[in-house]
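Please open the structure in the viewer and keep the selection panel at hand. The tour proceeds from one selection to the next and states what is found at each stop.

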Amino acid sequence: MLVEEIVEFKREVSCFAVPKYGILSITSDNTLGGVEFDFFSIWQQLKEIGLENIPYVYMIHSHPPGCPKMSSIDFNMVHGWCQGLAIPICFIIVHETGHTFYLCQKNGKKSDRDIITVDLDDGLKQIMQATYYLSMLDGLNVDVLDDLALDLSEHIDIGYTNILELTKNIF
Ligand SMILES: [Zn+2]
């Protein structure tokens, strides 16, 4: 008899990445509903790279089944990042049936968000898969996520997606 494996979503995982530079941070508060990016660590690294060298960033995070869209908490958070960074943010939600790709950017004191369809860079795809995988993993020790981010960064090259076409008129 075939035993059906029941794979459960265990936690939201957040991953911040910069094309050509790699993964700056992976975090999780180990709960089903907690989007959590490590602002201080990420901001420090972005300053070292230099925002002028970064055309846009990726904020990837996983959602439980049935939640393919941004929550209001997500949007409030990404709005803060848009205003602070003033560069486009590809906010990507990975979920059980695929992903939802938002392009978010500062528009004066407001922030725009548009769901777009792009050809995903292979490295980006791998990071999206890793983010979802970590969300399903039994007994994940969230304290090792920073080391994992470094390790993944060394093995995965994140290039630019064709999002560059959409954003280059800004620069
Ligand atoms: Zn969310």
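**The central strands**

Select β3 and β4 to begin: the two strands run parallel and are joined by six bridges. The model is a predicted one. Within this pair, Y58 stands opposite C90 in β4.

Now add β1, residues 14–18. β1 pairs with β3 in the antiparallel sense, over four bridges, and F16 stands opposite M59 in β3.

Keep β3 alone in the selection and display its side chains. Which residues of β3 are buried on each side? V57, M59 and H61 lie on one side, Y58, I60 and S62 on the other, and all are buried, so that both faces of the strand are covered. In a regular strand, side chains alternate between the two faces of the sheet. Since six of the six residues of β3 are buried, the strand is largely enclosed by the rest of the structure.

**The first hairpin**

Select β1 together with β2, which spans residues 22–27. These strands pair in the antiparallel sense over five bridges, with A17 opposite I23 in β2. β2 is mostly covered, five of its six residues being buried.

Next, select the three residues between the strands of this hairpin; here K20 takes a positive phi near 75°. P19 is also found in the loop between β1 and β2. Is P19 buried or exposed? P19 is buried, because 21 other C-beta atoms lie within 10 Å, and 20 or more are required for that class.

Extend the selection around P19 to see what adjoins this loop. Leaving aside neighbours within four places in sequence, P19 is in contact with I158, G159 and Y160. A distance label from P19 to L124 should read 8.6 Å, C-alpha to C-alpha, although 105 residues separate the two in sequence.

**Helix α2**

Select α2, residues 72–85. The helix has 14 residues and reaches 20 Å from its first C-alpha to its last, close to the 20 Å expected at 1.5 Å a residue. Colour D74, M77, V78, W81 and C82, which are buried in α2. They cover an arc of only 140° around the axis, which puts them on the same side of α2.

What covers these buried residues? The covering elements include β3, β4, β5 and β6. Rotate the view to the face turned away from the buried side, which carries the exposed residues S72, I73, N76 and G80.

**Two loop residues with positive phi**

Select A86, in the loop between α2 and β4. A86 follows α2 and has a positive phi near 55°, although it is not a glycine. Most residues other than glycine have a negative phi. A86 counts as exposed because it has 11 C-beta neighbours inside 10 Å.

Then move to N30, in the loop between β2 and α1, the latter spanning residues 39–49. N30 likewise is not a glycine and has a positive phi, of about 65°. With 13 C-beta neighbours inside 10 Å, N30 counts as partly exposed.

**The nonpolar core**

Select A17, I60, I89, F91, I92 and I127. Of the 39 residues in the largest nonpolar core, these touch the most other members. A17 was met earlier, opposite I23 in the hairpin, and I60 on one side of β3.

Centre the view on I89. Not counting residues up to four places away in sequence, I89 touches Y56, V57, M59, V78, W81, C82, C104 and Q105. Among them, V78, W81 and C82 belong to the buried residues of α2, while V57 and M59 belong to β3.

**A stop in β5**

Select G98, in strand β5. G98 is exposed, because 10 other C-beta atoms lie within 10 Å. G98 and M128 are 30 residues apart in sequence and 9.8 Å apart in space, C-alpha to C-alpha.

**The whole protein**

Finally, display the entire protein. There are five helices and six strands, in the order β-β-α-β-α-β-β-β-α-α-α from the N terminus on. The C-alpha atoms fill a box of roughly 60 × 30 × 25 Å along the principal axes. The radius of gyration is 16 Å, which agrees with the value near 16 Å for a compact globule of 171 residues. Buried residues make up 33% of the 171 residues. Among contacts between residues at least 6 apart in sequence, 64% join residues at least 24 apart.

Terms used: Residues numbered from 1 in each chain as written. Predicted model: local features only at pLDDT ≥ 70, side-chain atom pairs only at ≥ 80, totals over all residues. Rg over C-alpha atoms; globule rule 2.2 N^0.38 Å. Buried ≥ 20, exposed ≤ 12 C-beta atoms within 10 Å, placed from the backbone. Contact = placed C-beta atoms within 7 Å. Expected span 1.5 Å × (residues − 1). Arc of directions from axis to C-beta. Pairing = 2+ DSSP bridges. Core = buried A, V, L, I, M, F, W, Y, C linked by C-beta atoms within 7 Å.
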